[in-house]
Amino acid sequence: MSYVLNDKIKNLEPYVPNQGSFNVIMDANESFIAPNDQIKEEIAAVVTNAALNRYPDPLAAAVCNLFAQYHGIDPSLLTAGNGSDELIMLIMTAFLQKNQKIMTLSPDFTMYRFYSSISENPCVMIDKNSDLLVDVDEMIETIIKEDIKAVFFSNPCNPTSLGLLREDVRRLITATSALIVLDEAYMDFWDQSLIAETRQYDNLIILRTCSKAFGIAGIRLGFAVANEVITNALKAVKSPYNVNTVTQAIGEVFLKRPDYLRQCTSRIIASKNSLAAQINEMTANKHNVKSFKSCTNFVLLQTPNAQEIQAALSGEGIAIRRLGDYLRITAGTDAENKAVVDALAKSM
Ligand SMILES: *Cc1c(COP(=O)(O)O)cnc(C)c1O
């Protein structure tokens with residue numbers, strides 16, 4: 001007799017990011033801004049002085065208070081997570097019962113569907129149209145018809161870079177009693193957040209992350225924002241020490257610099273605008289390339305030659321993300337943007 005892995009995990013492979021050696025990394029939507037010397041010194045000091053023999057604060061109160069201040073919201077609505085990824089899995093496993101259905105969109109962030117397969121909750125997908133847009137009325141109809149208990153989607157969306165207006169998201173939230181998990185990972189780069197209205201809804205969880213605009217993907221810090229009832233439940237089901245002491249300490253160093261964080265966000269938006277403009281100019285007379293108007297920190301292109309183009313860029317040490325016929329390129333420094341545009345021009 002021998003132990004056999006169950007069907008849902010036996011064919012899974014560990015997540016492997018882009019492999020190879022790249023000088024220009026534009027495939028993971030991270031920030032191109034590394035911490036400056038002053039911030040590095042302060043990080044060294046807080047890590048040195050951290051009480052590493054003790055468990056962390058289970059409620060991560062200091063980072064929650066600072067994050068709440070940044071957004072002008074009540075800290076009692078926040079739950080901190082080991083990245084928002086942890087919170088997605090937590091919501092999926094705890095807020096849904098056995099076999100209850102979830103809904104997500106295609107294309108959208110693939111982790112929603114992945115975690116639903118682990119928690120064994122059937123996943124209904126709504127396909128976006130050829131402009132990569134989704135009809136909110138179709139979403140509402142499907143929620144009702146399929147008896148959907150939770151909806152997961154990103155706004156603005158990774159990978160499409162497109163966003164739904166606040167008004168449409170409000171309509172979706174209020175149309176049914178399904179739990180709406182609104183992933184605002186890229187909302188720092190756009191202006192249609194519902195974070196200020198969270199308390200008004202009893203079926204809304206907003207997810208935010210420090211991995212994109214704030215430039216600290218490496219420390220793993222994300223937040224769920226929801227009313228008190230949902231927040232209490234989230235805090236009750238999470239593992240007690242989910243956000244470690246070092247992450248909390250470094251998170252505080254960044255979050256207590258709101259002006260710096262806003263400055264980083266503006267620089268990233270300016271870089272994205274510049275990258276998009278350069279790509280649009282370069283592809284203006286290329287009929288088999290379509291670009292999308294981005295509300296995020298990356299640019300999405302559609303071309304039948306996506307695979308060849310990604311391979312050509314890879315050969316030049318430039319990492320970008322390919323999803324079928326689409327290429328997703330994260331905004332970089334001026335030099336990185338120039339490098340990727342030059343390489344695209346050669347390979348298109
Ligand atoms: C990057 C990203 C996240 C962030 O996850 P973390 O675990 O906080 O790094 C969440 N959702 C979407 C849609 C993303 O693109």
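This briefing covers a ligand site, a salt bridge and some backbone details. The model is predicted. Its ligand has 14 residues around it, and the space the ligand takes is the largest pocket. Elsewhere, the structure holds 18 salt bridges. Two cis peptide bonds are described below, one from Asn 155 to Pro 156 and one from Asn 158 to Pro 159.

**Around the ligand**

- The ligand is surrounded by 14 residues.
- The closest of them are Asp 183, Tyr 186, Thr 209, Lys 212 and Arg 220.
- Sorted by class, the shell has 6 polar, 4 nonpolar and 4 charged residues.
- Which helix gives the most to this shell? Helix α4, spanning residues 83–94, does so with 3 residues.

**Polar contacts of the ligand**

- Asn 158 uses its side chain: an N or O atom there is 2.8 Å from an oxygen atom of the ligand.
- Asp 85 uses its backbone: a polar backbone atom lies 3.0 Å from a ligand oxygen.
- Lys 212 uses its side chain: an N or O atom there is 3.1 Å from an oxygen atom of the ligand.
- How much of the ligand does the protein bury? Taken alone, the ligand exposes 390 Å², and the protein buries 93% of that.

**A salt bridge between two loops**

- The structure has 18 salt bridges, counted over the model.
- One salt bridge joins the side chains of Asp 74 and Arg 199, with 3.0 Å from N to O.
- Asp 74 sits in the loop between α3 (61–71) and β2 (78–81), and Arg 199 sits in the loop between β6 (179–183) and β7 (204–209), so this pair ties together parts that are 125 residues apart in sequence.

**Cis peptide bonds**

- Asn 155 and Pro 156 are joined by a cis peptide bond, with omega about -5°.
- Pro 156 lies in the loop between β5 (148–154) and α7 (166–175).
- Asn 158 and Pro 159 are also linked by a cis peptide bond; here omega is near 20°.
- Pro 159 is placed in the loop between β5 and α7 as well.
- Asn 158 therefore appears twice in this briefing: in this cis bond and in a ligand contact through its side chain.

**A positive phi**

- Which sign does phi of Asn 29 have, positive or negative? Phi of Asn 29 is positive, near 60°, and this residue is not a glycine.
- Asn 29 lies in the loop between β1 (24–25) and α2 (37–49).

Definitions and conventions
Residues are numbered from 1 along each chain as its sequence is written. This is a predicted model: local features need pLDDT of at least 70, side-chain atom pairs count only at pLDDT 80 or more; totals for chains, interfaces and linings use all residues. Side-chain values use heavy atoms; hydrogens and water are left out. A residue is near a molecule or strand if one of its heavy atoms lies within 4 Å of it. A polar contact is a pair of N or O atoms within 3.5 Å; within protein, one must be able to donate a hydrogen and the other to accept it, and residues adjacent in sequence count only if both atoms are side-chain atoms. Accessible areas come from the Shrake-Rupley method with a 1.4 Å probe; for residues, only the protein chains shown count as cover. On a 1 Å grid over the protein atoms alone, a cavity is a set of points where a 1.4 Å probe fits but cannot get out, and a pocket is an open set with protein on both sides within 12 Å along at least five of seven lines; lining residues have an atom within 4 Å of a point. A molecule sits in a cavity or pocket if more than half of its atoms lie within 2 Å of its grid points. Helices (H or I, at least four residues) and strands (E, at least two) are DSSP runs, numbered from the N terminus. Ala, Val, Leu, Ile, Met, Phe, Trp, Tyr, Cys and Pro count as nonpolar, Asp, Glu, Lys and Arg as charged, and the others, Gly among them, as polar. A salt bridge is a side-chain nitrogen of Lys or Arg within 4 Å of a carboxyl oxygen of Asp or Glu.
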